[in-house]
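Biologist: I've got a model open and I'd like to learn how to read it feature by feature. Can you walk me through it?

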Amino acid sequence: MFYKAEEMKMESRVRMRDGFGTTEFVHLVPKEELPAKSRLFSLMCLDKGCSVGRHEHKNETEIYYVIEGEGIINDNGVIRPFRKGDCSVCPSGSFHAVSNENDETLKILAVIILD
């Protein structure tokens with residue numbers, strides 16, 4: 001399958017997971033065309049002051065890979081800088097949150113794989 005950038009679905013989520021601001025998504029592969037063990041393959045964009053609130057994953061693993069920018073990640077209670085090239089894996093039973101307090105947009109490749 002091939003997906004043209006201009007045909008990819010965009011979605012805005014306000015206060016995602018009780019975070020702040022708006023999280024913008026570019027769904028790189030339509031949900032209905034993902035493999036059976038996948039739930040998400042998207043570019044997630046957070047402008048300054050935006051965040052995805054703390055949330056737990058159950059029966060799935062979420063992987064974040066920073067493509068551009070930098071932010072702060074709460075990785076199962078460990079808070080640390082989250083910069084271009086960094087990767088975070090949140091397995092089932094764990095939690096995470098991410099925020100951007102910088103001027104540059106934080107762009108994250110987000111993938112959810114079902115257990």
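Biologist: Let's begin with strand pairing. Which residue is the bridge partner of threonine 61 in β10?

Modeller: That's isoleucine 113. Keep in mind that this is a predicted model. To read a pairing, look at the two strands, their direction and the bridges between them. Here β5 and β10 run antiparallel, with eight bridges joining them.

Biologist: Which way does β3 run against β10, parallel or antiparallel?

Modeller: Antiparallel, and eight bridges join β3 to β10. A pair to click on is methionine 44, whose bridge partner in β10 is isoleucine 108.

Biologist: What should I expect from the side chains along a strand like that?

Modeller: In a regular strand, side chains alternate between the two faces of the sheet. With that in mind, let's go to the core.

Biologist: How many residues does the largest nonpolar core have, and which have the most contacts inside it?

Modeller: It has 16 residues, and those with the most contacts inside it are Met44, Val52, Tyr64, Phe82, Val98 and Ile108. You'll recognise Met44 and Ile108 as the bridge partners from a moment ago. As for where the core comes from, β3 (38-46), β5 (60-68) and β10 (106-114) each supply at least two residues. β10 has the largest share, with four residues.

Biologist: Which residues is phenylalanine 82 in contact with, beyond its neighbours within four places in sequence?

Modeller: Quite a list: Tyr64, Val66, Gly69, Glu70, Gly71, Ile72, Ile73, Cys87, Ser88, Val98, Leu106 and Ile108. Tyr64, Val98 and Ile108 are also among the core residues with the most contacts.

Biologist: Gly69 is on that list. Where is glycine 69 found?

Modeller: In the loop between β5 and β6. Don't assume a loop residue is out in the open, though: glycine 69 counts as buried because its relative accessibility is 11%, and the cut-off for buried is under 20%. Leaving out residues up to four places away, glycine 69 touches Phe82, Arg83, Lys84, Glu104, Thr105 and Leu106. Sequence distance can mislead too: glycine 69 and asparagine 102 are 33 residues apart in sequence, but their C-alpha atoms are 8.0 Å apart.

Biologist: On to hairpins. How many bridges join β6 to β7?

Modeller: Six, between β6 (residues 70-75) and β7 (residues 78-83), which run antiparallel. Isoleucine 73, for example, has arginine 80 as its bridge partner in β7. At the turn, check the backbone angles: this hairpin has two residues between the strands, and asparagine 76 takes a positive phi near 55°.

Biologist: Which other residues should I check for a positive phi?

Modeller: Arginine 17 is one, with phi near 55° even though it isn't a glycine. That residue is in the loop between β1 and β2 and is partly exposed, at 40% relative accessible area. Asparagine 59 has a positive phi of about 60°. You'll find asparagine 59 in the loop between β4 (51-56) and β5, and it is exposed at 56%.

Biologist: What does β6 do besides pairing with β7?

Modeller: Four bridges join β6 to β9, again antiparallel. Aspartate 75 has histidine 96 as its bridge partner in β9. Serine 99 lies in β9 too (residues 95-99), and counts as buried because its relative accessibility is 17%. Past its sequence neighbours, serine 99 touches Cys50, Ser51, Gly71, Ile72 and Leu106.

Biologist: Last topic, pockets. Which residues lie nearest the centre of the largest pocket?

Modeller: Glu11, His27, Lys31, Leu40 and Ser42, out of 27 lining residues. For a pocket, ask about volume, then lining. The space is about 430 Å³, and the lining has 13 nonpolar, four polar and 10 charged residues. β3 gives the most, with five residues.

Biologist: Is leucine 40 buried or exposed?

Modeller: Buried, because its relative accessibility is 11%. Leucine 40 lies in β3 and touches Phe25, His27, Leu34, Glu62, Ala110, Val111 and Ile112, sequence neighbours aside. One distance to try yourself: leucine 40 to glutamate 62, with 8.7 Å between their C-alpha atoms.

How values were computed:
Residues are numbered from 1 along each chain as its sequence is written. This is a predicted model: local features need pLDDT of at least 70, side-chain atom pairs count only at pLDDT 80 or more; totals for chains, interfaces and linings use all residues. Side-chain values use heavy atoms; hydrogens and water are left out. A nonpolar core is a set of buried Ala, Val, Leu, Ile, Met, Phe, Trp, Tyr and Cys residues joined through side-chain atoms within 4.5 Å. Buried means under 20% relative accessible area, exposed over 50%, partly exposed in between (1.4 Å probe, protein chains only). Contact means heavy atoms within 4.5 Å. On a 1 Å grid over the protein atoms alone, a cavity is a set of points where a 1.4 Å probe fits but cannot get out, and a pocket is an open set with protein on both sides within 12 Å along at least five of seven lines; lining residues have an atom within 4 Å of a point. Grid points are joined across faces, edges and corners, and a volume is the space filled by probe spheres set on the points. Ala, Val, Leu, Ile, Met, Phe, Trp, Tyr, Cys and Pro count as nonpolar, Asp, Glu, Lys and Arg as charged, and the others, Gly among them, as polar. Two strands pair if DSSP finds at least two bridges between them.
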